[in-house]
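Q: Could you take a close look at the aromatic ring pairs in this model and walk me through how they are arranged?

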Amino acid sequence: MIRYPALTLLSVLTVGSLQAQTLAEARESLQAGEYEDAARVLRTILTDDPSSHEARRDLIQALFFTGEYETSELLAREAPVPIGFANTLGEILVTRGKLDEAATAFQRSIDGNAKDALTSEVNLGELLFSRGEIDQAMARFDRFIDIYNTSDGRLNATELVAVGRAVRYLGRNNPDLFQDALRAFDEAASIAPTWHEPNVRAGELFLEKYSSTNAQGEFEKVLAVNPRHPGALLGLAKALEFDGTSDAGRVLAQLLEINPNHVEGRALLANQHLTRERYQDANEQAEIALAVNPNSLVALTALAGTHLLRGDLKRFQQVRDRVLQLNPRYSGLDSKLAELAVKTRRYGDAVSRAEAAVQLDPYSWTAWGLLGMNELRLGDVERGRAHLERAFEGDPYNPWFKNNLDLLDTFERFEIHATDHFELFLHGTESDLLATYLAPIAEEAYASLARRYESEPLLPVRAEFFPSHADFSVRTLGETGLGALGVSFGRVLVMDSPSAREQGDYNWASVFWHELAHTFHLAVSDNRVPRWFSEGLAVHEQRKARQGWGHQVTIPFLRALADGELKKVSELNDGFMRPDYPQQVIFSYYQSSLVFQVIEDRYGFAVIREMLEGYRRGETTAELFQSLLSIDLKDFDQEFETHLRERFRAPLRGLAEIGEAPLSGSDVTALEDYVGLHPGDFIGRVRLGASLVEEERYADAQPHLEAAREIFPEYGGPDSPYWYLAQAYRGLGDLSGAEQALSQLTQRSESNYNAYTMHADLLEQLDRPEEAADALDKAAHVWPYEIELHQRLATLHAEVGNYLDALRERAAVVALNPTDKAQALYLLAVAYQEAGDLTGARRAVLQALDIAPNFDDALELLLVLRSGLRGET
């Protein structure tokens, strides 16, 4: 028997305790996300003691989290007790795309009854599922129900996470089981509060079931302890992407800085590039991911997306075939590409890809829902409803499916008014009124755009108007909260009805023109036109249609221009798809519209048509600028910025940061003192003029407002100097001056209802009834629900002999269901008579007499009409 000296034994004990202490410190670093520090210490421990299971395990995790997959694989293979690292090795091999070896490793762990054998079971099940062996995988997952039910609460945290993962898959056939999966993750988190995986898994499940808020809560729990946890960062980036916020890119960049080899992170970044129509950047990210894992389904999906959206169908099919060799039942590629097709306005492609997805996997409820929603977007309501019902039956947690089905249940309350080129889908409570106004505007817009684009979309165009903004939002996105006023899907366009908004919020006729322009853009380009191009061109078309329509220059826009916060033309798509700040979207509408004003002025409209046709052929914006405009896109960036600064040179000077003017309503003396020091300050002049108008000091207000007008003559906002000048001139008795100010204002503002009606008042006082009628017609394009407006219009139109227009207005009065409907019907009959339609007149007067049988004027008119009708026969 060998006897060791006591000092030697004490030394061994001391070294062992120091190693344990060092290992604990390394683990603290690991849990805090200090992976490099932890790895450095753990390498030292493992060098001194290669048998340390804990040091090897923790080092592998530190290296795995930072993307050092090859080294972590080697460490797992070199473990003195291989069975203890078989599952870990399998997980690394899956990440590297070595799927057959991974399956072998998982099976070795299971057969050897390793401590993490249950995790190996679920890993093997997921691997089988990802290879299309769905029945075998589901049979494995199904056993976890019995494992949980017979455990009597003896499962540890890792085993509970394995149960939760398996049950999550079973939820595809029984959605109630998602709650059981979440319960397993919650139990695991309570047992092992310092282990992050249960929270990450719960967050992923919440996000899968459309609860982004709860998902972010789980991920943030992890990141509060470890701000560099890759799984939590990926989950948070996905949740933010789900919400459509620009922060997703920031979080994803943080993840890829920690682990540049993160395959899912690279694939997500590729998908972001695809939604921004940056196909080359997307391709590069997909290839980086595939260099790490050549069998990654998500990376191959992103690569397929670059080819599909570029129009390279041969390469797309090659990548899709490669995916189906890996997993013959993988519907994820087609489902994901259907989503990307929607984001890039290719709704027909979305239907095709969703159809392909459900053929591969009839249990893909996401694909059934995408199919139904996009059939609705293309106007196939009955098929869309049927497929949404199937989707909702399989996934009752999906709010988009439910919201759309609830909305479809209301469609019976709508009526269709057909015109030569349109189906106007209008709510029964306002269909007669809106159709009266919408039909002529729709046909005028169609004729104008068909001439300009020398092309026509599929007919009839279906235009749906919703009196509830929430319903419009659901019809567009499947959920409430959309900030837009209208959306064009091509042959189908949907909008807020004027009644969905407050008076003066928007000009429905102008917005309709904008959306119909999109319909033409999508048709000419085969849905390949970039977002910025179509939006800017549509605003340009609004301004071509009517002076004052479309986005106009604003003070915040000029401040953004002055501060260098506008996108370059070459980056304008990001202004819509990935704005740096919320207002940048609005600025991008106006900015991009000015691009087309410049192009049409310099090159003519034909070149814009040719650009749309170029997109149809798959050409890029840079290529089209070079081939059709003979200018490099980067050079155009510089030229256009110079153009903007020159165009707005005077108002930019008037908005220089020279101090903050006192607010309107402040002491007039303070405003006068400020303007005296800064006579070229636009805001100071307007505020002083407005305050003086409020005090009815019109003569004093006039020079300040005229000075403001000279500084910024294009400004037509609600506090425009034109508005206050009109009041000042009217107060001074200068009706012509007031009328001219309002004429200038309405040429710069499409939705100022009060300006239109005040303008009409002044024109009537100036004995200009035809122009007064025109002003009130414009007011009706903002808010058509005022009975008095239509009564005035009817009188004015009749006065100048516009009897058909007068008839329209009398019909509008009746449609608004006035208190004295018999009188309104009688006046409608008179309007029919004056327009020469005696049959319509007789019909209207009889309706009046049904309500008031002793209505003398109506009885007298009926006698006249009967005499006239006999004379016609």
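A: Happy to; here is a walk through the aromatic pairs and the charges that sit over rings. The model is predicted, so to speak: local features need pLDDT of at least 70, side-chain atom pairs count only at pLDDT 80 or more, and totals for chains, interfaces and linings use all residues. Residues are numbered from 1 along each chain as its sequence is written, and side-chain values use heavy atoms, leaving out hydrogens and water.

Rings of Phe, Tyr and Trp (its six-membered ring) pair if their centres lie within 6.5 Å; planes under 30 degrees apart count as stacked, over 60 as edge-to-face and the rest as tilted. By this rule there are 37 aromatic pairs. One of them is stacked: the ring centres of Phe141 and Tyr169 are 4.6 Å apart, with planes at 25°. Phe141 belongs to helix 8 (residues 134-149) and Tyr169 to helix 9 (residues 157-170), so the pair ties together parts 28 residues apart in sequence; helices here are DSSP runs of H or I, at least four residues, and strands are runs of E, at least two, numbered from the N terminus. Phe141 is buried at 0% relative accessible area, whereas Tyr169 is partly exposed at 24% (buried means under 20%, exposed over 50%, partly exposed in between, with a 1.4 Å probe and protein chains only).

Tyr347 and Phe489 form an edge-to-face pair, with centres 5.1 Å apart and planes at 85°. Tyr347 is in helix 20 (residues 347-360) and Phe489 in the loop between strand 4 and strand 5, 142 residues apart. Tyr347 is buried at 5%, and Phe489 is buried at 4%.

Ring pairs also link Phe422, Tyr446, Tyr453, Phe465, Phe512, Phe520 and Phe605 into a cluster. Arg452 lies over the face of Phe605, 3.8 Å from the ring centre; a charge sits over a ring if NZ of Lys or CZ of Arg is within 6 Å of the ring centre and within 35 degrees of the ring normal.
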